[in-house]
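Here's a quick walk through one protein chain and the spaces inside it. Have a look at the fold, then we'll go hollow by hollow.

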Amino acid sequence: MFKVTPWEVSGKIDYQKLIEEFGVSKITEELLQKLPDHFMLRRGIFFAHRDLDKIIKARENGEKFYLYTGRGPSGKIHIGHLLPWAFNLFLQKEWGTELYFQLTDDEKFLFNEGLSLEDTKKLAYDNALDIIALGFDPKKTTIFLDTENMNVLYPVAIKVAKRVTFSTAKAVFGFDSSTNIGSIFYTSIQSAPAFLLSELEKRSIMCLIPCAIDQDPHFRITRDVAEPLGYPKPASIYCKLLPSLAGSDKMSSSSPESSVFTTDDEETVRRKVMNAFTGGAPTVKEQRLQGGNPDICSVYAYHFFCFEPDDDRVKGIYDRCRNGSLMCGECKTMLVDEINSFLLKHRKKREWAKEHIDDFVKRI
Ligand code: TYM
């Protein structure tokens, strides 16, 4: 049993089942050939899409389109969040595409009992530092807070809201009569940026949404209302969810010991990785004899999803684990070093971002 919604991910996810359940399309070999090369595509980390072929065609025809992605500022940023953002960055660099990055301070206020609007706004500005630190082009990137851009978002959002019934919201998101009415309305706010440029430029402009598969329920609704409203349907490309260091579910801010945050210091990273769930045998002797199981190992997942972009080297880790020549201690130490060397640079860029935040966080 597994569950994937925008607000809850649990259990061991069967991605093939999810493709069928959500009605998304698998990224085929033929589509891959038309996309720029990236290890997340080669390895099937980005694995599913809606209408990606239309974006490729639009690009071939020199038609304008843009990227749209987002973050719900409910806490600190963990490595899992960086995955889709790194891919957005890659596409922006490859294609020179404009990116609209939504920070949903309203969403996290509405859905979290313990967070005030001041809290989520503060977190939005803090999270923006991690986004900027990745290296987006300020001339082509607009990071925006919902509550600071309602003049532009609201007219689009209410057009969406008028076409979404309570029964659809209940069926898609599992709401019931105790759900506050702001949460019920919220999906129309996440839809709005998908139509933003069409609305602003008064012509049809497509967008591509690169994010993890958990956000698809929102965009199913967005796509259903698009054409009746006279907007093009947004396309999307979805990645899998980086698992937590406990080996199951996704990396999530609600289980801090099994998530690596961008603000974790070297010792904290070491402790978390050293305590991670692995596919190792009970004893070193047994592991030398039988080998380990990288397919269930959270440490291997981190090498595979993020920290070892070289295919030969990641295969080397896999094979050496299987044949019993790589012990968990060595494999974990490699990962600790990789994460810490990434975070050392990231933290410096995060500091730099503090001085440049106004070049990125803008009013639309
Ligand atoms: P949020 O803040 O939950 O997540 C931000 C982005 O990170 C992805 N994500 C993950 N990716 C890989 N592994 C994980 N373990 C993992 N956990 C989260 C999410 O899919 C998301 O792309 N409602 C949204 C904010 C939002 C948004 C958007 C997201 C507004 N507009 C457009 C994507 C696209 C949210 O709360 O995301």
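## Fold, ligand and hollows

The chain has 17 helices and nine strands. Keep in mind that this is a predicted model. The C-alpha trace spans about 65 × 45 × 45 Å along its principal axes. A compact globule of 364 residues would have a radius of gyration near 21 Å, and the chain comes in at 21 Å, so the two agree.

Now for the ligand. Around the ligand sit 27 residues, and the closest are Arg-71, Gly-72, Glu-107, Asp-214 and Leu-242. Three polar contacts are worth checking on screen:

| Protein side | Ligand atom | Distance |
|---|---|---|
| Arg-71, side-chain N or O atom | oxygen | 2.8 Å |
| Gly-72, polar backbone atom | oxygen | 2.8 Å |
| Gly-80, polar backbone atom | nitrogen | 3.2 Å |

How much of the ligand's 680 Å² does the protein bury? The ligand exposes that area when taken alone, and the protein buries 98% of it. As for which elements build the shell, strand E5 (65-71), helix H5 (79-95), helix H6 (105-111), helix H10 (181-191) and strand E8 (206-212) each give two or more residues. Sorted by class, the shell around the ligand holds 11 nonpolar, 10 polar and six charged residues.

Next up is the second largest pocket, with about 580 Å³ of space. Its lining is made of 23 residues, and Lys-12, Pro-243, Asp-295, Ala-301 and Phe-305 lie nearest the centre. Which helix gives the most to this lining? That's H15, with five residues. The class split for the lining of the second largest pocket is 13 nonpolar, five polar and five charged.

Finally, there's the enclosed space. Searching the whole structure for cavities of 30 Å³ or more turns up one. The largest cavity has a volume of about 120 Å³. Its lining counts 16 residues, with Gln-287, Cys-297, Cys-321, Cys-328 and Cys-331 nearest the centre.

Where does that lining come from? Helix H15 (298-307), helix H16 (311-322) and helix H17 (328-356) each put in at least two residues. H17 has the largest share, at three residues. By class, the lining of the largest cavity has 10 nonpolar residues, five polar ones and one charged one.

If you want a thread to follow in the viewer, try H15: this helix is among those supplying at least two residues to the lining of the largest cavity, and H15 also gives the most to the lining of the second largest pocket. For the ligand, begin at Arg-71 and Gly-72, which are both among the closest residues.

Terms used:
Residues are numbered from 1 along each chain as its sequence is written. This is a predicted model: local features need pLDDT of at least 70, side-chain atom pairs count only at pLDDT 80 or more; totals for chains, interfaces and linings use all residues. Side-chain values use heavy atoms; hydrogens and water are left out. On a 1 Å grid over the protein atoms alone, a cavity is a set of points where a 1.4 Å probe fits but cannot get out, and a pocket is an open set with protein on both sides within 12 Å along at least five of seven lines; lining residues have an atom within 4 Å of a point. Grid points are joined across faces, edges and corners, and a volume is the space filled by probe spheres set on the points. Helices (H or I, at least four residues) and strands (E, at least two) are DSSP runs, numbered from the N terminus. Ala, Val, Leu, Ile, Met, Phe, Trp, Tyr, Cys and Pro count as nonpolar, Asp, Glu, Lys and Arg as charged, and the others, Gly among them, as polar. A residue is near a molecule or strand if one of its heavy atoms lies within 4 Å of it. A polar contact is a pair of N or O atoms within 3.5 Å; within protein, one must be able to donate a hydrogen and the other to accept it, and residues adjacent in sequence count only if both atoms are side-chain atoms. Accessible areas come from the Shrake-Rupley method with a 1.4 Å probe; for residues, only the protein chains shown count as cover. The radius of gyration is taken over C-alpha atoms; the globule rule is 2.2 Å times the number of residues to the power 0.38.
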